Amino acid sequence: MKKMICCVLAACAAGLSLAALCGCAKESARNQYVINAEYLPEEKLLTAEMSVTVPNLTDNAFEELKFQLYPNAYREGAKYAPVSELYAPAAYYAGKSYGSIGISRVDGAASYEICGEDENILSAKLLSPLYPDEEVTLHLEFSVTLAQINHRLGIGEHTVNLANFYPVLCTYGTNGFTEYVYSSNGDPFVSECADYEVTLTVPESYTAAYGGAGERVAENGKAAYHVIAENVRDVAFVLGEEFHTAKAESGGCEIEYFYFGDEDPQAAISAAKESLEYFSETFGKYPYPRYTVVRTDFPYGGMEYPMLSMISADLRADDLTPVIVHETAHQWWYSLVGSNQFEHAWQDEGLAEYSTALFLEAHPAYGINYRDFIATAEKSYRAFFSVYSQVHGEADTSMDRPLTSFRGEYEYRNIAYDKGVILFDKVRSVIGEKRLISALKRYCDKYAYRLASPQDMIACFPGAGTEALFRSFTEGRCVI
């Protein structure tokens with residue numbers, strides 16, 4: 001796709017498959033999303049058409065399909081706002097601003113409605129029941145009004161973040177399609193792996209960073225990015241007019257760092273490359289053809305998406321490496337091995353943070369000692385426990401609970417991250433480093449491209465007392 005947009009169509013007509021572009025082999029049936037979108041900066045708007053093909057892989061017939069509408073969390077009056085009052089001043093850099101998603105058409109359905117606890121669900125009644133082993137395709141038209149906000153979705157001070165911007169099929173459980181509200185704590189996203197083909201058109205002055213394999217075609221003042229991402233949980237883009245890039249390569253995987261205002265980009269690209277290589281060797285080979293790290297407007301340290309890590313532009317230089325390593329670890333613990341981040345945030349966040357400690361232990365040149373890393377987590381957690389016990393009369397130290405049950409980022413951070421780090425360090429002290437690494441390899445291999453429960457993960461660890469140790473932490477019974 002070097003010269004004209006029509007090259008994309010010609011390539012497809014010539015038989016260029018999703019698998020060929022992505023470098024991944026086609027496997028079992030998955031949801032398939034084809035999205036054509038355009039960003040209109042003057043209108044602060046993203047317009048889109050989407051076709052989604054859904055195979056019924058369950059034993060039940062579907063009368064309806066339900067989709068998460070994450071952009072509605074940004075609307076005025078939302079019950080569950082995307083950012084807390086604590087972080088609102090940093091996020092809303094130009095004062096309060098709002099966004100939303102509007103669905104204008106759903107073809108292939110008998111009817112549709114916006115519902116859910118917080119207008120967070122699109123329910124599409126099907127024309128006829130979808131029986132097991134059958135599939136249905138819906139065609140949607142929608143538009144996303146973008147808030148001026150430094151966040152996952154919105155127009156930031158320097159960049160435009162387009163993440164979680166489209167209707168995504170709810171996961172299916174024992175009680176049917178599972179609905180999740182937004183949460184300013186953690187990452188309220190739970191999704192199965194799917195195949196994506198996205199064409200995003202932007203003004204030619206913008207450069208797009210994205211998760212996937214793609215090409216850019218510029219014509220008539222616009223640039224079209226055609227992106228393929230197969231067997232991933234979602235897709236995301238970051239747009240910028242100030243980007244510079246640094247590149248590296250590892251084992252056939254292209255690594256690219258998009259940045260602005262970074263005086264030492266080599267430090268970032270080195271951390272991305274070395275952590276990708278370490279985790280590939282330690283947990284299992286990175287399965288995708290590209291990995292992108294992008295510096296962007298974001299109120300927290302970073303945010304993970306398949307093949308794409310967002311890194312906050314406000315990070316101090318000393319924090320850059322640990323954040324990049326943590327987000328890279330999420331390429332295994334979230335992107336590859338999925339879990340219910342809404343109900344069990346520690347399962348991926350605690351493990352990603354502990355994986356960061358393992359990387360730093362293996363790379364002393366970064367100057368962060370493993371034992372000091374664990375001690376910092378313990379000190380932070382004990383301070384949290386002391387403060388909450390005094391202020392609230394008690395501290396809820398249970399780990400298996402929904403994001404909306406946390407009182408704020410401070411409690412969430414200490415439970416999901418710090419207590420998670422302490423948990424895995426205690427497991428290591430009981431079973432030893434080699435058996436811990438073997439267990440994590442087993443976990444990765446067994447649950448790649450799937451959603452694993454906490455019990456699924458715990459069962460990968462050896463030792464008669466290991467499960468009891470996990471339970472004492474997750475149920476809040478242990479004393480640290």
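Helices (H or I, at least four residues) and strands (E, at least two) are DSSP runs, numbered from the N terminus. The exercises below use these labels for a predicted model, in which local features need pLDDT of at least 70, side-chain atom pairs count only at pLDDT 80 or more, and totals for chains, interfaces and linings use all residues. Residues are numbered from 1 along each chain as its sequence is written, and side-chain values use heavy atoms, with hydrogens and water left out.

**Exercise 1. The whole chain**

Task: State how many helices and strands the chain has, and explain why the chain counts as compact or not compact.

Solution.
Step 1. The chain contains 11 helices and 24 strands.
Step 2. Its radius of gyration, taken over C-alpha atoms, is compared with the globule rule, which is 2.2 Å times the number of residues to the power 0.38.
Step 3. The radius of gyration is 22 Å and the rule gives 23 Å for 480 residues; the two are close, so the chain is as compact as a globular protein of that length.
Step 4. Along the principal axes, the C-alpha atoms fill a box of roughly 60 × 50 × 45 Å.
Step 5. Of the 480 residues, 57% are buried. Buried means under 20% relative accessible area, exposed over 50%, and partly exposed in between (1.4 Å probe, protein chains only).

**Exercise 2. Two residues with positive phi**

Task: Locate Lys-44 and Asn-231, and decide whether each is buried or partly exposed.

Solution.
Step 1. Lys-44 sits in the loop between strand E1 (31–40) and E2. Its phi is near 55 degrees, a positive value in a residue other than glycine.
Step 2. Lys-44 has a relative accessible area of 32%, and is therefore partly exposed.
Step 3. Asn-231 belongs to strand E16 (residues 222–232). Here phi is near 60 degrees, again positive in a residue other than glycine.
Step 4. Asn-231 is buried because its relative accessible area is 5%.

**Exercise 3. Strand E7 and its partners**

Task: Describe which side chains of strand E7 are buried, and find the strands that pair with E7 in the antiparallel sense over 11 bridges and over 7 bridges.

Solution.
Step 1. In a regular strand the side chains alternate between the two faces of the sheet.
Step 2. In E7 (residues 135–145), Val-136, Leu-138, Leu-140, Phe-142 and Val-144 point to one face and are buried. Glu-135, Thr-137, His-139, Glu-141, Ser-143 and Thr-145 point to the other face and are not buried.
Step 3. Two strands pair if DSSP finds at least two bridges between them.
Step 4. Strand E2 (residues 45–55) pairs with E7 over 11 bridges, antiparallel. Ala-48 has Phe-142 of E7 as its bridge partner.
Step 5. Strand E4 (residues 100–107) is joined to E7 by 7 bridges, also antiparallel. Gly-102 has Ser-143 of E7 as its bridge partner.

**Exercise 4. Strand E9**

Task: Work out how many residues of strand E9 are buried, and which strands are joined to E9 by 3 bridges and by 5 bridges.

Solution.
Step 1. E9 covers residues 159–163, and 5 of its 5 residues are buried.
Step 2. Thr-159, Asn-161 and Ala-163 point one way, Val-160 and Leu-162 the other way, and all are buried.
Step 3. Strand E8 (residues 153–155) runs antiparallel to E9, with 3 bridges. A hairpin of 3 residues joins E8 to E9, and Leu-153 stands opposite Leu-162.
Step 4. Strand E17 (residues 236–240) pairs antiparallel with E9 over 5 bridges. Ala-236 in E17 is the bridge partner of Ala-163.

**Exercise 5. An open sheet**

Task: Give the strand order of the open sheet of 4 strands, and name its edge strands.

Solution.
Step 1. The order is E5-E6-E3-E10, with antiparallel pairing.
Step 2. The edges are strand E5 (109–115) and strand E10 (168–169), each of which pairs on one side only.
Step 3. Strand E3 (residues 62–68) and strand E6 (residues 121–130) run antiparallel and are joined by 6 bridges. Glu-64 has Lys-125 in E6 as its bridge partner.

**Exercise 6. Disulfides**

Task: Count the disulfides in the structure, and explain why Cys-115 is not bonded to Cys-170.

Solution.
Step 1. A disulfide is a pair of cysteine sulfur atoms within 2.5 Å.
Step 2. The search of the whole structure finds 0 disulfides.
Step 3. The cysteine sulfur closest to that of Cys-115 is in Cys-170, at 8.9 Å, which is too far for a bond.
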